[in-house]
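Please open the structure in your viewer and keep the selection tool at hand, as this tour moves from one pair of side chains to the next.

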Amino acid sequence: MFVLVGLNPQQREAVLHPEGPELVIAGAGTGKTRVLTTRIAWLIEEQGVQPEEILAFTFTNKAAREMQDRVHRMVPHAAGRSWIGTFHATGVRLLRREGSRLGYDRWFTIFDSDDSRSLIKRILKRINADPKQLSPRAVASAISTFKNSSLTPEAASNEAVSRFEEKVAEAYGLYVTELKSMGAMDFDDLICNTVQLLEEHQDIQERYARQFRHVLVDEFQDTNPQQLVMVKALSAVHQNLCAVGDDDQSIYSWRGATVENMLNFEEYFPGAQVIRLEQNYRSTPVVLRAANEVIAHNRRRKGKNLWSDRSGGPPLELWWSEDEEDEAAQVRDRIRRLLAETDASRKHIVILYRTNAQSRALEDALRRESIPYQIIGGTRFYERREVRDLLAYLKVILNPADRVSLARILNVPRRGLGKTTSERFFTELELRGGSALNLLGDKAALAATCGNAPGKRLARFGETLKLLRRLAENSDAAAVLRQLVKAVEYEDFLEKDDPITADERRNNVAELVNAAHEFTSESDDPSLGAFLESVALLADGDRVRDTTDVVTLMTVHTAKGLEYPYVFITGCEDGLLPHASSIEEDDAVEEERRLFYVALTRAQEQVFLTSASMRRRYGSMESCIPSRFLGELPEDCVAEMTLQPTSLFGGPRLTEPRRPRPEFGEGAPRKHKRRDTPVSTDVMADAAAFLKSKARQKAADRSGHGFSDHDVDQSPEMSYHVGMRVEHEMLGIGIIEEVEGIGELMRLTVSFGEDGRKRLLARFARLRVLDSAAD
């Protein structure tokens, strides 16, 4: 069995698991991808399973490509035949084939977050919602929660207990109706509609469940309730499920992931075999010991202990700094020393932080020393205005019923169409429904609705779209995009729109054309629809440039799944890591500890930790407390590097590490090692029942509107009252609408205009009072 060469005993056991469900608890750096790909190759080569009978789920396109490439190298004749892709990509694949059963055309449009907010903004205006109460962003968040909780608009309306919640539910209902009328789905729909398809059409569910003899899931700890139902439905016939994950790396609860899917795996899939991969091939023993000690403080975990047969390794360096500027300078200088004293290149170094706002000082320090860097998760290429304009054109060419994309391009480049003309046009279009090309081709109706001159301009616009649509029927995406740029004279428009930025924006247009060329040259399906689908499914992790020699900056969440020789973890303070919004609840603190664990286990060679004594907020300096997680590190694995009046390990400067002082951060709970039994919860008969139960609980927890507390920060005690105008560092100016509780338990409900209505714990909110009553 050539495919098994080089596997350790536990990996081999996981690969050779015969039939039935298995859970592989794979710690960071233990070779889980190798296990998954080797198992696929073994099933094909040794067990006679056809490639088409294998379904494998990943969470990023990058992981899917890596898995496909490895399988291809091991089993060349199986290349491209297995279903290997992200949950969303697999959902799209099923819905493209079977979506007509739900009333969708094969090439339905996929709305991104900006498209969704644009539609919601129009809906909120239509229902006369107060923009101070309901912002598009907040309503979009609520709708996402409703969908992932399997809560219909009718159910959301029935559970509404206030005028505010009734408006959210009303907007939700109109949003669903509008999406369907445009033949569009948002990102949540790619999973939710797939689940609906499988639940409501048993023939489809049985057909695919029979086809897939083996289902494999990577990063199982990141699945949400809907994805669990999807996995259960597609593995129902043969029940050969291989789930690989690490409950200690479950860090995405804020987007619906639930660690309980993994903790209770044996309940959802009775008879499952559990295998632990604990030998780490990435990090030094020092890094692993530090990570093991920290994560052992969590109660809710399956339990494991990472180890390596590597020797030694340098200690974790803990750098104390005065403030964020000093912190950034220390990071910069330590990077320069690494580059000078080791064989490290810039691409071997990553700087991690808890929140994107922390990158500013770090970027400034690197720029001043001309150290090249890339920042992942900032303004993304596909979110730039000129790129979104052209993508909107392509979406309308593919789906002329997409009124949101049409609204973006109707007067771009400028066609002399005013606001009144646009409103009249869309009013008529909504009355007619269907394809916009029908109205754009009706010159008499355009003249009657919009006037003779505007009508003629709209008719010419319609002719351009029709020509491009005909081109798209027989040409690849790159050819359509090239012709589009010429047909609408988009580059000339950029020069007239803003000569100062025109060159940069033209370069972005050229890069989009390059992306289309690259896609069409590499894809089995070079069509416009396939290209737009690939863009819609792109994730942050797919944008990391592996070969560019630059220092990388990103959040810890974005770094999951990546590895670097040298890892800087900045902002190790209570209020940042763990985040202030999480320190009130044990489960939330445990997730923050998992986040710290993820950061530590990105390192192959060495970790550098930074903690500032003060940080600037609202222009003034405020003191910080070292992170409680620093106090959980084993003392002999850490070297304190700079002068600190009261050292974490008890002294003005490191001589020998001593036991951490309890006043630095919150005292950690007692350690809990391996726990082999699942967390006790209500036993569910199947995944569908589980989903419905979770949906009701989530709805109750969020008082029916889908909002969770916003990120909050520590603040000195003060008095608040209804009507007071305040300013929040992240959310801006707001008005206090409700005050609940007193002292440390005081909670405030604050309306922040477009950012919506938020409930904040007063003592952590760091609100600055502007005046005592609303204007």
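Begin by selecting Asp248, which is buried, with a relative accessible area of 1%. The model you are looking at is predicted. Add Arg301 to the selection: the two side chains meet in a salt bridge, with N to O at 2.7 Å. The pair links distant parts of the chain, 53 residues apart, since Asp248 sits in the loop between β7 (241-245) and α12 (260-263) while Arg301 sits in the loop between α14 (285-295) and β9 (316-321). Arg301 is buried as well, because its relative accessibility of 2% falls under the 20% cut-off.

Next, select Arg282 and Glu563, which form a salt bridge whose closest N and O atoms are 2.7 Å apart. Here the distant parts of the chain that are linked lie 281 residues apart, with Arg282 in the loop between β8 (273-277) and α14, and Glu563 in the loop between α27 (556-559) and β13 (564-569). Arg282 is buried at 12% relative accessible area, whereas Glu563 is partly exposed at 40%.

Then move to Arg414 and Asp497, another salt bridge, in which the closest N and O atoms are 2.9 Å apart. Arg414 lies in the loop between α18 (403-409) and α19 (419-432) and Asp497 in helix α24 (490-497), so the pair ties together parts 83 residues apart in sequence. Arg414 is exposed, with 57% relative accessibility, and Asp497 is partly exposed, with 21%.

As a last selection, take Asp112, Asp114, Asp115, Arg117, Arg388 and Lys395 together, which are joined into one network by salt bridges that share partners. For further exploring, a search of the whole structure finds 58 salt bridges.

Methods. Residues are numbered from 1 along each chain as its sequence is written. This is a predicted model: local features need pLDDT of at least 70, side-chain atom pairs count only at pLDDT 80 or more; totals for chains, interfaces and linings use all residues. Side-chain values use heavy atoms; hydrogens and water are left out. A salt bridge is a side-chain nitrogen of Lys or Arg within 4 Å of a carboxyl oxygen of Asp or Glu. Helices (H or I, at least four residues) and strands (E, at least two) are DSSP runs, numbered from the N terminus. Buried means under 20% relative accessible area, exposed over 50%, partly exposed in between (1.4 Å probe, protein chains only).
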